[in-house]
Amino acid sequence: MQEKLKELRKIAEEKILAATSPEEVEKLRVDLLGKKGELTKILKEMGKLSAEERPIIGKLGNEVREIITNNIKEKKEMISRAILEQKIESETIDVTMPGKVPQIGKQHIISKMIDEVTEIFMGMGFSIAEGPEIETVRNNFDALNAPKDHPSRDMTDTFYITEDILLRTQTSPVQIRTMEEAVKTNDLPLKIIVPGRCFRSDSPDATHSPMFHQIEVLVVGKDITFTEFKGTMEKFVQKLYGPETKTKFRPHNFPFTEPSAEIDVSCFKCGGAGCPVCKGEGWIEILGAGMVHPNVLRNCGIDPDVYSGFAAGMGVERLAMLKYGIDDIRLMFENDVRFLDQF
Ligand code: DAH
C-alpha cells in the first residue's frame with residue numbers, strides 16, 4: 001500500500017504539473033481526492049492491514065492528501081495569475097498614441113457676421129433691439145409709409161399668413177415697434193440696431209434665399225442731421241472694411257426714408273481699381289439707408305418738427321458673401337461642416 005500511495009503521489013504531481021486550465025485542475029481534484037477518487041480507493045483497503053501497519057499507512061495517506069491538495073491549490077493560483085497577466089497584457093493602453101480629438105462645432109458664419117456688425121455699433125453707443133418674425137402688415141408696410149401698390153406687398157413677393165399677418169420681409173418693422181414703445185415709455189432719443197431673420201417668396205438660387213438675415217439701424221432724436229447720418233455710416237464702414245475705405249451715397253428711393261440712399265463702399269479687394277469682386281466697378285453696394293420719413297415718425301406718434309432720425313438696413317448674407325468671397329448664398333444654409341469650418 002505504501003508503494004501504491006507513493007505511486008499515486010508521483011502520478012498526481014505529474015498530472016497537476018501538466019494541467020493548463022482551471023477546469024482540468026478541478027477535474028484532477030475530483031479524480032484524485034474525491035469520494036470515488038484514487039486516494040479513497042487505496043485507503044479503503046486499510047481494513048486488510050495489521051494494527052501496527054494501519055497508523056503508518058494512515059499517516060502516509062494523510063500526507064499524500066495534503067501534498068496533492070497543496071499542489072492543486074498552487075496550480076489553481078498559478079493559472080489564474082497567468083490568465084490575469086495575459087488579460088492585462090492584451091489590454092495595455094499605449095499612452096503615446098495620439099488621442100481622438102472630439103469634433104467641436106464653431107460659430108456659424110451668419111452669427112459671426114452679425115456679431116461683427118453688432119459690436120461695431122455697440123462701440124458707438126447703440127443697443128440691440130429685436131422683434132418677431134411674424135409681423136402685422138401694418139408694421140411691415142403701412143406704418144413704414146409703403147404705398148398700397150408697392151410691389152413688395154405682392155403675394156408673389158411676401159409670405160402672407162392672413163390678410164393682415166405675414167412673415168416679415170425686412171427688419172424695418174422693428175423701427176415701428178421700438179419707436180412706439182419709446183413714445184409710450186417716454187424713452188426718446190434712441191439708437192438701436194436690430195439683427196434678425198426675414199422672409200421673401202423667392203426661389204433659391206446663388207443670390208436668393210426665401211429666408212435670410214438683415215441688420216436694421218435706427219437713430220431718432222432731436223437735431224439728428226444728415227451729417228450725423230453720413231458720419232456714423234462712414235465710421236461703421238471703415239471699422240468693417242478698414243480705415244482707407246471710401247463711402248458713396250447714391251440717391252435711391254425707399255418708402256420709409258427721405259432722402260434715401262444706397263451706400264456703396266470702395267472695393268475692399270482691389271481698393272477701387274476694379275476686380276471680379278466689384279465686377280470691375282471699383283464700388284460695392286452694401287446697404288440701403290436714409291433720413292427717417294416724417295410720415296413714419298408721425299405714424300409712431302413722434303412729432304417730426306421736433307424729432308428727426310436716420311435709418312439703414314443691410315443684408316447679412318450679402319456682407320458675408322462679399323467679405324469671405326462666397327459665390328452661392330445656399331452654401332450658408334446647407335450647413336456642411338466642411339464649408340462652415342473655413343470661417
Ligand atoms: N428694409 C430695406 C430692404 O429690405 C432696407 C433698408 C433701406 C432699411 C433703407 C432701412 C433704410 O432702414 O433706411 O430693402
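The following questions and answers walk through a predicted model of a protein chain.

User: How far apart do the C-alpha centres of domain 1 and domain 2 lie?

Analyst: In this predicted model, the domain assignment divides the protein chain into domain 1, covering 1-91, and domain 2, covering 109-341. Taking the C-alpha centre of each of these two domains, the distance between them is 94 Å.

User: Which feature does UniProt place at residues 109-334, and how far apart are the end C-alpha atoms of that span?

Analyst: The unreviewed UniProt entry gives residues 109-334 the feature "domain: Aminoacyl-transfer RNA synthetases class-II family profile". In the model, this span is 29% helix and 30% strand. Its end C-alpha atoms are separated by 12 Å.

User: Is helix α5 parallel or oblique to helix α8?

Analyst: Helix α5 is made of residues 109-123 and helix α8 of residues 226-241, and their axes come within 10 Å of each other and cross at roughly 135 degrees. Angles over 145 degrees would count as roughly antiparallel and those from 65 to 115 as roughly perpendicular, so this crossing makes α5, relative to α8, oblique.

User: What is the handedness of the crossing of α5 and α8, and which residues of α8 meet α5?

Analyst: Where α5 passes α8, the crossing is right-handed. On the α5 side, the residues that take part in the meeting are Met113, Glu116, Val117, Ile120 and Phe121. On the α8 side, their partners are Thr232, Phe236, Lys239 and Leu240.

User: Is Thr245 buried or exposed?

Analyst: Thr245 is found in the loop that runs between α8 and β6 (247-254). Leaving out residues up to four places away in sequence, Thr245 touches Val237, Gln238, Val265 and Ser266. Its relative accessibility is 6%, and because a residue under 20% is classed in this way, Thr245 counts as buried.

User: How far apart in space are Thr245 and Gly125?

Analyst: Along the sequence, Thr245 and Gly125 are separated by 120 residues. From C-alpha to C-alpha, their separation in space is 22 Å.

User: Where does UniProt place the feature "binding site", and which residues are in contact with that position?

Analyst: The unreviewed UniProt entry places this feature at Glu258, a residue that belongs to strand β7, residues 257-266. The relative accessibility of Glu258 is 49%, and because this value falls between the 20% and 50% limits, Glu258 counts as partly exposed. Once neighbours within four places in sequence are set aside, the residues in contact with Glu258 are Met291 and His293.

Terms used. Residues numbered from 1 in each chain as written. Predicted model: local features only at pLDDT ≥ 70, side-chain atom pairs only at ≥ 80, totals over all residues. Heavy atoms only, no water. Domains from an automatic or database assignment. UniProt positions renumbered as here; feature names shortened; annotations may be inferred. Helix = DSSP H or I, 4+ residues; strand = E, 2+ residues; numbered from the N terminus. Buried < 20%, exposed > 50% of the residue type's maximum accessible area, 1.4 Å probe, protein only. Contact = heavy atoms within 4.5 Å. Axes fitted to C-alpha atoms, helices over the stretch in contact; angles between N-to-C directions. Parallel < 35°, antiparallel > 145°, perpendicular 65-115°, else oblique. Left-handed = near helix turned anticlockwise from the far one by under 90°.
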